[in-house]
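Me: Can you walk me through the aromatic contacts in this one? I'd like the reasoning behind each label.

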Amino acid sequence: MKVYINEARVDEVSELLSTIGPYRILELEEKLDPQFKALKKLSLAVGTGWASVYALLVSLISYKLSMRGEEWWECAASLISSRRKARPPYGLNEVVDDVLWFIDNCRGSILAREARKKRVQQVYIGSRKILEVLASNPEYFYSNAETIVKTLARTLGVEDWRKTVVFTAKMVYYAIREPGDRRLVNIEIPIPVDTRVACASYSSMVVEASNYMEIVRNPRAAQEAWSRISKKTGIPVLNLDSLLWLTGWTPRDLSLEEARRKVEDILSNVMERLVAREISQRLYLRRC
């Protein structure tokens, strides 16, 4: 079966998510996203600039993990914070050494360890200027996120829509955004389509496919659909990704009714329960 956008559902989901808006999603990130909390822990240990560099390098090796994504980022934050307990790094070479050490010491990277190390060193050599700028001025991200993504893609020799590359933008954003900061990052990059975003795309029916794993393998329709939804709702792609990451696992791991109740519970952290219930009922329509 061909993977394609369901235009009617894009309009319906856009209307639905407009009732949430971007600022409630910012609240959800702060309250519920374990990745955001892990990167705040790392920022506290090493400072925002260095944390953004660690986030960039670790996000580029966040594939084929032997643990859940939230466990991976907690592992990164805990191990690197502990290693840097005495002092922050003196330079980029120490940051790279820390990440290579992390690869050896976190069970999440048991597969393809040498390939991960090679990728870190490749970016250190090929995109060093970007790393240096972020370390000294993390605010650079807010006006240059697209440049960062494109530079990394060129360095790695991959398309700039690939999941691991665009995922980098979200994690750098998490590293530098302080709780309570309500600035929005409206950048023209596609959503990183992992299994959660693919499941959300399939369950919400904004994308039609034989199953959600087909969307993982062919992500371009999902990326285009959520980009349109982002423009229609005013919710930046990075924040839409947060919403889908926090809820998109439910139609895969639970029955449809249980999934809807869980999504209702999640959204009730930032809105009235009755509104959360209506959104949960209308957003997810089938199991993955």
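Here is a short back-and-forth on ring pairs, burial and charges over rings.

Reply: Sure, and keep in mind that this is a predicted model. The structure holds six aromatic pairs.

Me: What makes the pair of tryptophan 72 and phenylalanine 102 tilted?

Reply: Their ring centres are 4.9 Å apart, and pairing needs centres within 6.5 Å. The planes sit at 55 degrees; stacked needs under 30 and edge-to-face over 60, so the pair comes out as tilted.

Me: Which parts does that pair tie together?

Reply: Tryptophan 72 is in helix H5 (residues 69–83) and phenylalanine 102 is in helix H6 (residues 92–105), so the pair links parts that are 30 residues apart in sequence.

Me: How do you know whether tryptophan 72 is buried or exposed?

Reply: Its relative accessible area is 0%, and the cut-off for buried is under 20%, so tryptophan 72 is buried. Phenylalanine 102 is buried as well, also at 0%.

Me: Why is the pair of phenylalanine 141 and tyrosine 142 called edge-to-face?

Reply: The planes are at 70 degrees, and over 60 counts as edge-to-face, so that label fits. The ring centres lie 6.0 Å apart. Both rings belong to one aromatic cluster with Phe36, Tyr173 and Tyr174.

Me: Why does tyrosine 142 count as buried?

Reply: Tyrosine 142 has 16% relative accessibility, and buried means under 20%, so it counts as buried. Phenylalanine 141, at 1%, is buried too.

Me: Where does arginine 286 lie?

Reply: Over the face of tyrosine 202, at 3.8 Å from the ring centre. Lysine 40 lies over the face of phenylalanine 36, at 5.5 Å from the ring centre.

Key: Residues numbered from 1 in each chain as written. Predicted model: local features only at pLDDT ≥ 70, side-chain atom pairs only at ≥ 80, totals over all residues. Heavy atoms only, no water. Helix = DSSP H or I, 4+ residues; strand = E, 2+ residues; numbered from the N terminus. Buried < 20%, exposed > 50% of the residue type's maximum accessible area, 1.4 Å probe, protein only. Lys NZ or Arg CZ within 6 Å of the ring centre and 35° of its normal.
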